Amino acid sequence: RVGLKRVLLHCWKPARHILASCCSFGMTEGNPHASLIAAAREAKAHGCCCTCCKLIWELKFALGFDVFLFVAVLGSLDYRAPTAFIVWMYAYLLGIVLPSMCLFAFVIYNGNASGWPRRLLVRFLVAYKVPGYLLMYIGFLGFSPWAHEVAAFMCDPKMAFEHNKMDKIFNHNTALCIASVPRIMIPSCIPRTLIYIYSIKGALEYMRCHPDNDGKGIFVSSADAKESMQYEALLEA
């Protein structure tokens, strides 16, 4: 025990310094002048549809939505469900929602210290989160080899999935319910997808506020001239 304790204490000190360095990466080496410019631009820009809404609020809303989803889905997960369904849910939570939470939190905490986290967030949302969610949701419930098994679980009145919601919708017709699950479930991803897409708008405007990202597109080194002009017009409005 004493030996193990010494080893852990010996390893903890360098591990703590490495962790602190990782957490502070990109936050303490920012350009103060660039930070002031970013703050001034953010003061001119606004979120939502009114001038009283700060742009950062959109990012905080997106973070809060991810946190809510993570807690709600994890808390409501029915472990009587088919293994494939449980694995799929964990893949969604750990592969999409959790990384999104971490990135939004990192960007918010980083503030105006540097611009690259903002660009990284937009890349993540555009290239991974939104298409990844749609592919996972539609692919699994509509076309995967496990779709029928999962539909049967959702429609089984003995399982009481979400208080027998699906069974009640189809008036206790189990066969019709199983056949119709993809038709019902796939459109139900639209509201969440719209929220995800709206978060791209907020993240992109927030990215454009930092001078580190001037002249840069989302994936290429230089932004499209038309996009830059539209953003300048937004700040002047």
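## Report on a predicted all-helix chain

E42 is buried, with a relative accessible area of 18%, because the cut-off for a buried residue is under 20% relative accessible area. This residue belongs to helix 2, which covers residues 32-44. Leaving aside residues up to four places away in sequence, E42 touches N112, R118, Y206 and C209. The model described here is predicted.

**The chain as a whole**

The secondary structure of the protein chain consists of 10 helices and zero strands. Read from the N terminus, its elements follow the order α-α-α-α-α-α-α-α-α-α. The chain has 237 residues, of which 41% count as buried. Among contacts with a separation of 6 or more, 69% are between residues 24 or more positions apart.

**Helix 3**

Helix 3 comprises 22 residues, from 55 to 76. At 1.5 Å a residue its expected span is 32 Å, and the end C-alpha atoms are 32 Å apart, so the two values agree. The buried residues of this helix are L55, I56, E58, L59, A62, F65, D66, L69, F70 and V73. In general, an α-helix has 3.6 residues a turn, so residues three or four places apart point the same way. The buried residues of helix 3 pack against three partners: helix 4 (83-110), helix 5 (116-143) and helix 9 (190-209).

**Helix 6 and its two partners**

Helix 6 spans residues 147-155, and helix 8 spans residues 174-185. These two helices pack at an angle of about 115°, with 9 Å between their axes. Helix 6 and helix 8 are therefore roughly perpendicular to each other. In passing helix 8, helix 6 makes a right-handed crossing. On the side of helix 6, the contact involves H148, A151, A152, M154 and C155; on the side of helix 8, it involves T174, C177, I178, V181 and M185. By class, eight residues of this contact are nonpolar, two are polar and none is charged.

Helix 5 also meets helix 6: their axes come within 6 Å and cross at roughly 85°. That angle makes helix 5 roughly perpendicular to helix 6. Here F140, L141 and G142 of helix 5 are in contact with A147, V150 and M154 of helix 6. Five residues of this contact are nonpolar, one is polar and none is charged. M154 of helix 6 thus takes part in the contact with helix 8 and also in the contact with helix 5.

**Two partly exposed residues**

G95 is located in helix 4, and I197 is located in helix 9. With a relative accessible area of 22%, G95 is partly exposed. The same description applies to I197, which is partly exposed at a relative accessible area of 42%. Apart from residues up to four places away in sequence, G95 touches Y90 and Y128. The table sets out one residue pair for each of these two residues.

| Residue pair | Separation along the chain | C-alpha to C-alpha distance |
|---|---|---|
| G95 and K129 | 34 residues | 9.1 Å |
| I197 and V130 | 67 residues | 7.1 Å |

**Summary**

The predicted model shows a chain of 10 helices and zero strands. The buried residues of helix 3 pack against helix 4, helix 5 and helix 9. Helix 6 is roughly perpendicular to helix 8, and helix 5 is roughly perpendicular to helix 6. No charged residue takes part in the contact of helix 6 with helix 8, nor in that of helix 5 with helix 6.

Key: Residues numbered from 1 in each chain as written. Predicted model: local features only at pLDDT ≥ 70, side-chain atom pairs only at ≥ 80, totals over all residues. Heavy atoms only, no water. Helix = DSSP H or I, 4+ residues; strand = E, 2+ residues; numbered from the N terminus. Expected span 1.5 Å × (residues − 1). Buried < 20%, exposed > 50% of the residue type's maximum accessible area, 1.4 Å probe, protein only. Contact = heavy atoms within 4.5 Å. Axes fitted to C-alpha atoms, helices over the stretch in contact; angles between N-to-C directions. Parallel < 35°, antiparallel > 145°, perpendicular 65-115°, else oblique. Left-handed = near helix turned anticlockwise from the far one by under 90°. Nonpolar A, V, L, I, M, F, W, Y, C, P; charged D, E, K, R; others polar.
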